[in-house]
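Let's take a walk through this one together. Keep the sequence and the 3D view side by side as you read.

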Amino acid sequence: MRECGRKCVSVGRHVGSGTKGRGVMSIRRDDAFEGIVDEAVSTKERAEMSASAQRFALIFWIRKSVLAEHRRLYLYADEHPEAAQELVDPSIRLSERARSERSWNLPAGWVRIINGLHADLSCLLGDYEVAYVGQNAGGLRFRTSPIARGGAAERIGVARADSMAVCTVCGGTARIETPPRSATRCPRHPSSRPDRIVGAIARPPGWTMKG
Ligand SMILES: [Zn+2]
């Protein structure tokens with residue numbers, strides 16, 4: 001990989017105390033999530049529930065709230081109490097088609113992989129756009145416009161191989177689960193019942209937290 005003189009935009013974490021407004025959209029810190037357990041589960045129920053059961057109850061309650069409020073079946077990273085919170089490099093550009101067809105399906109746990117990939121592709125391809133990002137058979141699926149070839153395609157292959165050992169939820173060490181699902185998850189975030197933990201999608205590039 002050749003050296004790149006380009007200085008990429010630094011990437012921050014959204015750990016602000018945005019607790020104003022309604023709904024889970026504005027709740028991002030762990031302590032804020034802790035606060036809404038009371039809303040999800042009554043005090044009596046909570047006393048009788050194990051810590052693990054409270055955890056599931058909270059995440060599913062958040063999911064239900066997001067569905068009711070935003071008509072979405074998935075959670076964004078900032079809505080998920082256990083998802084990796086690193087933000088996507090805002091200099092990543094999506095193709096027009098990708099923006100209109102919702103081709104942005106990057107698991108929260110793979111943001112670090114994508115940011116590294118983007119830094120290298122910026123050098124290899126110059127100005128390029130992301131046409132699709134998501135997961136396939138437990139690994140990263142990433143398409144660019146123009147189509148990546150040669151070294152750029154090889155670099156995407158490296159990112160895909162890396163992703164197969166990184167939890168899509170928290171970014172921790174993981175393995176690909178066996179069918180029926182082909183998700184890459186750590187032991188704490190299985191994708192299948194009975195301990196299934198809902199996944200999370202990273203916010204698209206340029207998203208900013210609204211307090
Ligand atoms: Zn995990």
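A quick definition to begin: the expected span of a helix is 1.5 Å times one less than its number of residues. Helices (H or I, at least four residues) and strands (E, at least two) are DSSP runs, numbered from the N terminus. Two housekeeping notes come next. Residues are numbered from 1 along each chain as its sequence is written. What you're looking at is a predicted model, where local features need pLDDT of at least 70, side-chain atom pairs count only at pLDDT 80 or more, and totals for chains, interfaces and linings use all residues.

Now the overview. The protein chain has six helices and six strands, and from the N terminus on they run α-α-α-β-α-α-β-β-α-β-β-β. For burial, we count other C-beta atoms within 10 Å of a residue's own, with C-beta atoms placed from the backbone: 20 or more is buried, 12 or fewer is exposed, and in between is partly exposed. On that count, 30% of the 211 residues of the protein chain are buried. Contacts mean C-beta atoms, placed from the backbone, that lie within 7 Å. Take the contacts between residues at least 6 apart in sequence, and 60% of them join residues at least 24 apart.

Start with helix α3, residues 51–70. It has 20 residues and reaches 28 Å from its first C-alpha to its last, close to the 28 Å expected at 1.5 Å a residue. Which residues of α3 are buried? They are I59, I62 and V66. These three cover an arc of only 55° around the axis, so they sit on the same side of α3; the arc is that of the directions from the helix axis to the C-beta atoms. It helps to remember that an α-helix has 3.6 residues a turn, so residues three or four places apart point the same way. On the other side of α3, K64 and A68 are exposed. Part of what covers the buried residues is β1 (75–76). L58 also belongs to helix α3, and it comes out as partly exposed because it has 19 other C-beta atoms within 10 Å. Its C-alpha is 9.6 Å from that of H80, 22 residues away along the chain.

Step just past α3 and you meet R71, in the loop between α3 and β1. Its phi is near 55°, a positive value in a residue other than glycine. R71 counts as exposed because 7 other C-beta atoms lie within 10 Å. A137 makes a good companion: it isn't a glycine either, yet it has a positive phi of about 50°. You'll find A137 in the loop between β2 (129–136) and β3, and it is exposed because it has 11 C-beta neighbours inside 10 Å.

Follow the chain on through β3 (139–145) to the loop before α6 (150–163), where P146 lies. A cis peptide bond joins S145 and P146, with omega about 0°.

That brings us to α6 itself. It has 14 residues and reaches 20 Å from first C-alpha to last, close to the 20 Å expected at 1.5 Å a residue. Its buried residues are R155, I156 and S163. Seen down the axis, they fall within an arc of 100°, so they line one face of the helix. On the other side of α6, G150, A153, E154 and A161 are exposed. What do the buried residues of α6 pack against? They pack against α5, β3 and β5 (184–185).

The pairing with α5 (residues 111–125) deserves its own look. The axes of α5 and α6 come within 10 Å and cross at roughly 175°; axes here are lines fitted to C-alpha atoms, for helices over the stretch in contact, and angles run from 0 to 180 degrees between N-to-C directions. That makes α5 roughly antiparallel to α6, a label for angles over 145 degrees. From α5 the contact takes in I113, L117, D120, L121, L124 and L125, and from α6 it takes in G151, A152, R155, I156, A159, D162 and S163.

Finish at P204, in the segment after β6 (200–201). P204 is partly exposed because it has 18 other C-beta atoms within 10 Å. Leaving out residues up to four places away in sequence, P204 touches V88, L94 and W104. P204 and V88 are 116 residues apart in sequence, but 6.9 Å apart in space, C-alpha to C-alpha.

Conventions
Contact = placed C-beta atoms within 7 Å. Parallel < 35°, antiparallel > 145°, perpendicular 65-115°, else oblique.
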